[in-house]
Amino acid sequence: HTGPTRPCKTTTLSPRAPRGERFPWMDLDARLQLNTRVLQRIDPCALHILASASFVVYYTFENEWTKTSVEGPLFLYQRSEAPYYGLQILNRNDPEPFYVGFTPSDDVEISEAFLIYRAHQPDDGNAGDHTIYGFWIFEPSQLEQLAKTITSLQKAPYPPPAPPPLRVDHAPPLSLIHISEPASARLRAS
């Protein structure tokens, strides 16, 4: 259940601040951009974050709920390829994150503190895999926000429209760019 991974170097941004204030100097947009870049290192198809929860514990269900060792922040995000949405937990207990693709036709149920999810698309190439996932979400307001976002995705067109192309308003017109001779021509002249 891990997404595509690429090796990346680890950097230390700052000493650890008190819980809930890891990056107190960062505004919400800066944190969102940072988290999006982290997701893009793991899943190059990640476009942008739709909703998140700061602390989640993943449970599996086979006749009863069983807690796994997967826990950490959860992100619901849009992808550039099918499945066009992903659920990713950046696992604090293991270097491998947890990933599952999400489509609006999947079953999602919200209970008091849990997001319960069953995929309809094959997961990891196993046809007919209908694993039931349980995500215990610590913060009730984050569970509510995830539920609202998932509900809106289930009502929206699928696949989602492509994001608009990036605008480059600050680039000079081509007529103003000086194109010098190639380096190989300069070397032959000397």
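A residue counts as buried when its relative accessible area is under 20%, as exposed when it is over 50%, and as partly exposed in between. The legends below use these three words for a model that is predicted.

**Figure 1. Overview of the chain and its secondary structure.** The predicted chain has 190 residues, and 34% of them count as buried. Its secondary structure comes to three helices and seven strands. Read from the N terminus, the order of elements is α-β-β-β-β-β-β-β-α-α. The accessible surface comes to about 12600 Å², and carbon and sulfur atoms hold 55% of this area. Contacts between residues at least 6 apart in sequence were also sorted by separation: 47% of them join residues at least 24 apart.

**Figure 2. The largest nonpolar core.** This core has 23 residues. Its members L74, L76, I89, F98 and F135 touch the most other members. Which elements supply at least two residues each to this core? They are strand 1 (46-61), strand 2 (65-79), strand 3 (85-89), strand 4 (98-102), strand 6 (114-118), strand 7 (132-137) and helix 2 (140-155). Another core, of eight residues, lies apart from the largest one. Its members include L39, I42, I49 and Y77.

**Figure 3. Close-up of I89 and its contacts.** I89 is one of the residues that touch the most other members of the largest core. Residues up to four places away in sequence are left out of the list of its contacts. On the lower-numbered side, I89 touches V56, Y58, V70, E71, G72, P73 and L74. On the higher-numbered side, the residues that I89 touches are P97, F98 and F135. F98 and F135 also belong to the largest core.

**Figure 4. Strand 7 and the two strands paired with it.** Strand 1 and strand 7 run antiparallel and are joined by five bridges. In this pairing Y59 has G134 of strand 7 as its bridge partner. Strand 6 also pairs with strand 7 in the antiparallel sense, over five bridges. Here the bridge partner of R118 is I132 in strand 7.

**Figure 5. The salt bridge between D43 and R79.** The count of salt bridges in the model comes to three. In one of them the side chains of D43 and R79 meet, with an N to O distance of 2.7 Å. D43 lies in the loop between helix 1 (28-42) and strand 1, and R79 lies in strand 2, so the pair ties together parts that are 36 residues apart in sequence. Are the two residues buried or exposed? Both D43 and R79 are buried. The relative accessibility of D43 is 0%, which is under 20%, so D43 counts as buried. D43 can also be compared with G86: the two are 43 residues apart in sequence, and their C-alpha atoms are 9.4 Å apart in space.

**Figure 6. The salt bridge between D107 and R118.** The closest N and O atoms of D107 and R118 are 2.8 Å apart, and the two residues form a salt bridge. D107 belongs to strand 5 (residues 107-110) and R118 to strand 6, so this pair ties together parts that are 11 residues apart in sequence. D107 has a relative accessibility of 33% and counts as partly exposed. R118, at 32%, also counts as partly exposed. R118 is the residue shown in Figure 4 with I132 as its bridge partner.

**Figure 7. The salt bridge between E144 and K148 in helix 2.** E144 and K148 form a salt bridge in which the closest N and O atoms are 3.5 Å apart. How many residues separate the two in helix 2? They are four residues apart, about one turn of the helix. E144 is partly exposed, with a relative accessible area of 46%.

**Figure 8. Aromatic rings.** A search of the whole structure finds 16 aromatic pairs. In one of them, the rings of W136 and F138 have their centres 6.0 Å apart and their planes at 65°, so the pair is edge-to-face. The cut-off behind this name is an angle of over 60 degrees between the planes. W136 has a relative accessibility of 25%, so it counts as partly exposed. F138, with a relative accessible area of 53%, is exposed. One aromatic cluster is formed by Y58, Y84, Y85, F98, F102, Y117, Y133, F135 and Y158. Y58, F98 and F135 of this cluster are also among the residues that I89 touches in Figure 3.

Definitions and conventions:
Residues are numbered from 1 along each chain as its sequence is written. This is a predicted model: local features need pLDDT of at least 70, side-chain atom pairs count only at pLDDT 80 or more; totals for chains, interfaces and linings use all residues. Side-chain values use heavy atoms; hydrogens and water are left out. A nonpolar core is a set of buried Ala, Val, Leu, Ile, Met, Phe, Trp, Tyr and Cys residues joined through side-chain atoms within 4.5 Å. Buried means under 20% relative accessible area, exposed over 50%, partly exposed in between (1.4 Å probe, protein chains only). Contact means heavy atoms within 4.5 Å. Accessible areas come from the Shrake-Rupley method with a 1.4 Å probe; for residues, only the protein chains shown count as cover. Two strands pair if DSSP finds at least two bridges between them. A salt bridge is a side-chain nitrogen of Lys or Arg within 4 Å of a carboxyl oxygen of Asp or Glu. Rings of Phe, Tyr and Trp (its six-membered ring) pair if their centres lie within 6.5 Å; planes under 30 degrees apart count as stacked, over 60 as edge-to-face and the rest as tilted.
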